[in-house]
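Student: I would like a close look at a single part of this model. Please take one strand and work outwards from there.

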Amino acid sequence: MSRYNLINSVLGWITFVIALTTYTLTLEPTVSFWDCGEFISAAYRLQICHPPGAPLFLIIGRLFSLLAGDDVTKVAFWVNMVSATTSALCVMFYFWTITHLAKKIIMKNITGEPDVQQTFAVMASGLVGALALTWSDTFWFSAVEAEVYASSSFFTALTFWCILKWENVANEKHADRWLILIAYLIGLAIGVHLLNLLVIPAIVYVYYFKKYTFERIGFIKATAVALAAIAVVQFGIIPGVPSLMAKFDLLFVNSFGMAFNSGAYATLIFLAALIGFGLYWSIKNNKVWMNTIVLCITYIVIGYSSYAMILIRSAANPPIDMNDPEHPFTLVSYINREQYGENPLVYGQYFYAKVIDFEKGAMQYRKGEDNYVATGPKITRIYDPKDCTVLPRMWADRPDYIQAYRNWEKIPEGKKATFGKNMDFMFSYQLGFMYWRYFMWNFAGRQNDNQGFGGITDGNWLSGIDAIDETLAFPGRLSGLGPQSTLPGSMESKAHNKYFFFPLILGLIGLFYHFKKSKEDATVILTLFLFTGAFIVLYLNFPAHQPRERDYAYVGSFQTFMIWIGLGVLAIIDFLSKKMNKMVATGIASVATLAAVPAIMADQNWDDHNRSGRYTAVDFANNYLESCPKNAILFTNGDNDTYPLWYAQNVEGIRSDVRVINLSLLNTDWYTNGLKRQAYESAPVPFSMTPDKYVQGVRDYVIYYQNPQVEKQYGINQTDFYPLKNIIAFINDDKDPMAKLSSQGGEQYSYYPTKKFFVPINKEQVLKAGAVQPKDAPFMVDSIKWEIGNANLMKADLVTLDIVASTDWTRPICFAITTGSDVYLNMQQYFQINGLVYQLVPIKNDQPADGTMGRINSDVLYDNLMNKFKWGGMEKDGIYLDETILRQTKNLRNLFYRLAIKLVEEGDKERAIKVLDKCLAVMPEKNIPYDVFVVRLAEGFYGADATEKGNALIKEVANVYTDRYNYFASFRKVGKGGAAQNELDECAQIIGYCQQVAEFHKQDALAKELKDAQAKLVQ
């Protein structure tokens, strides 16, 4: 090995060690929020995660989880280490990519090995680029949690590095083995994430530039080949193989009477024979190019075969079995992500478009007892052409998206969008706000980690140069941000990161230098940059607003830009070498760029990427589950009140007696089927509907309809309440013609004839099941009666009501407090709040005027908050709590307040004070800034006669919002007063609220002090 290659290899591994050390030290030690809980649970037990799946990632995660030994609490750490390790490997391969490209520039027209100065320059370029990647915002975020994006980044880096290795030996014998390896890696990467396919165009260009002399027509042909290659894999191999399996299985099962999946095996034999023939023919006829293509396709399919795990494990019916893809037809739907629908790209509807027809597509099938049963053709909506456009960007018709479109583009209610507005949304929102803003987070700086919706206070990019940040609008930022150097303490964020444009400037220098010195290589890198960034934005066609920031989707683009950051070092060395000794120039440029880019990024980003010591997600999951009585059924709705709970039960075995039911998934038949099976310590969920009553396409929704004939026959009137069991039976009746409504097209629909239901109460059973504490037995009613407000019921609503009717109080029923009132079906008057859940109890309570829900059993809630709940390390010095966590602390502070008030009402002021003190101890101001909910804690102290503590809190909250008010008032000096008006009004209202609370509790001196402070606020 030459001296250069030895240094290159050693330094590459050093960057790996630096990156791995960084990510290990800052790794989240347990589960994170969002999809991580699902991925860790699925990896640990090889279960089925959401479409389109990530079987290879789960298999690797399973192998890493074995390192936890018998300690299940360490499983999450080791699955997180998959991301840390693959991210560190990605850094290493990017180092070698940068040094490869830098060496080509510096050794152009020079034979032999690089000398000492040239080696120094190349290695400095690689180090700066690789370390900038190591400590960059989005890449680091993905490196410390169990998500697929870090592993996807690794496959992108490795695949691109392989084509550079091929480039080095392209004219040697057996060089094409690198191409076959690349094909295998692409196939493997499909089992992680499809983003890796976007490296294909760059690979094609490297091949073209190496094998051919540049010509415009040749370049166009290469581009066509690149796009065709993506299409072959994305739209051919990936859906084609399972689709072929489905067609063969339909033939073998329905026509030949063979077993399910026999057609899938026949497909594999057919493909093996086809590949074998292709290889035989190409060798016999000496067609090297054909042989290489067949081998590449073969190895893509072999890599793709990780999806066999999906079929095998789904057939075992594990507790997490998303979409139940255990036969080819469901596998096709799973891989194609059909449950999420399709986003129009080239031509499609605006968000207000009217549906004028329906188009029937291919027949759909489901698995029956002995064969596949046709369920009807796939239906596609046909929209009024007057409401359609080319390149539709504002297309989603969900009410919140519609309002977001109108707000962003300032389209008045009742008015239609213009093509100009459509294009402006693409450039200002999709490319600007949803890509360029994220790009600038990584290369200029970041305001905070609050989710941005276009306002001046949350989620913007900034640079740290006040003159630019305060007043100027840029792409991805709608306006200046106002003064940034005088942020009050309560608004300071660990994610307030300032790079002063240094990474961006160095990267731009590298970009221009690259095009100047090596236009062909620069074109390759630009292709990779665009395909993994801006082109992805256009393809995904995100609606506004997203439930979370999406920067992780474009990490491939950001890591590609790091190549130019590395080459920027070479450009500076080149420039300085013309003015001084080359070695001196290399040393100065290396030290300066290391300090200005990677060092600043590490310094600024460490505190908001350091998740060590943070256990909030698993502890919050514990708190949800501990809020439930034994053997409860818990309804959840979103990612963050479901996936961490799955992790807690599947991996750590926390309260696996509780059956968690996600209402978003309950609209599907496969998920509802799973409720009928045992899951760990949770018995099957009792409900009356049989699979034929809720199979997809049947009772997807039922409507409310007053049928006079039914009212007459069954004696129904709209003032009385009727047994819920009877109503459910009526809805599910397929024999009684009066239980159906017919459409003009002859289709029949189920309906419910009344909105007023009751469920009788077996009081002995209620007490036996622990649904009600003995001290509350006197308050129980004989039946719970309520009227639902819905004009129609979705399948999830229907199954929920069936469960309520069928459990007969043998199992407590709970709803997560984060699900939203629309899923409660108007049962709130019978809710009891136990912590992070509302429990349905046969005790009627009046809903208070302040909008809070649920009666309180103080003993239950006190035991949960004071003894059973865990707090995730939120009280630790230096802990990093992101917006997702801080958002949930509002609910927790409110719980403490409500319990304290209840204890005061019961005359137990001593315990009320303990409750409030506990709240302040586990959620201290140093980590969780005081907000308006803390005023309520002060009210609790006042009620418990802890006046001094109440006064202290009121003063602190008033000071917080006075500082904020004065800060926002300073916006007027830079012409941004109007943009901050909402914040000014909110601060003034909260200060006024503090004054009113002090006055109400007869703290006259404090009230006067606050009133005087209000008068001094800058108007």
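Student: Are the residues on the two faces of strand β16 (residues 813-816) buried or exposed?

Tutor: This is a predicted model, in which local features need pLDDT of at least 70 and side-chain atom pairs count only at pLDDT 80 or more, while totals for chains, interfaces and linings use all residues. Residues are numbered from 1 along each chain as its sequence is written, and side-chain values use heavy atoms, with hydrogens and water left out.

Strand β16 is covered on both faces: Ile813 and Phe815 are buried on one side, and Cys814 and Ala816 are buried on the other. Buried means under 20% relative accessible area, exposed over 50%, and partly exposed in between, with a 1.4 Å probe and protein chains only. Strands (E, at least two residues) and helices (H or I, at least four) are DSSP runs, numbered from the N terminus. In a regular strand the side chains alternate between the two faces of the sheet.

Next, the partners of the strand. Two strands pair if DSSP finds at least two bridges between them. Strand β7 (residues 633-636) pairs with β16 in the parallel sense over three bridges, and isoleucine 633 stands opposite isoleucine 813 in β16. Strand β18 (residues 837-840) runs antiparallel to β16 and is joined to β16 by four bridges. Here cysteine 814 stands opposite glutamine 839 in β18. Strands of a sheet pair through backbone hydrogen bonds, either parallel or antiparallel.

The wider sheet can now be laid out. It is an open sheet of five strands in the order β8-β7-β16-β18-β17, with mixed pairing. The edges are β8 (659-662) and β17 (831-833); each has a single partner strand, so one side of each is left without a neighbour in the sheet. Neighbouring strands of this sheet are turned by 30° against each other on average, direction ignored; axes are lines fitted to C-alpha atoms, for helices over the stretch in contact, and angles run from 0 to 180 degrees between N-to-C directions. At the β8 edge, β7 and β8 pair in the parallel sense over four bridges, with leucine 634 opposite valine 660 in β8.

Returning to the starting point, β16 has a parallel partner in β7 and an antiparallel partner in β18, and the residues on both faces of β16 are buried.
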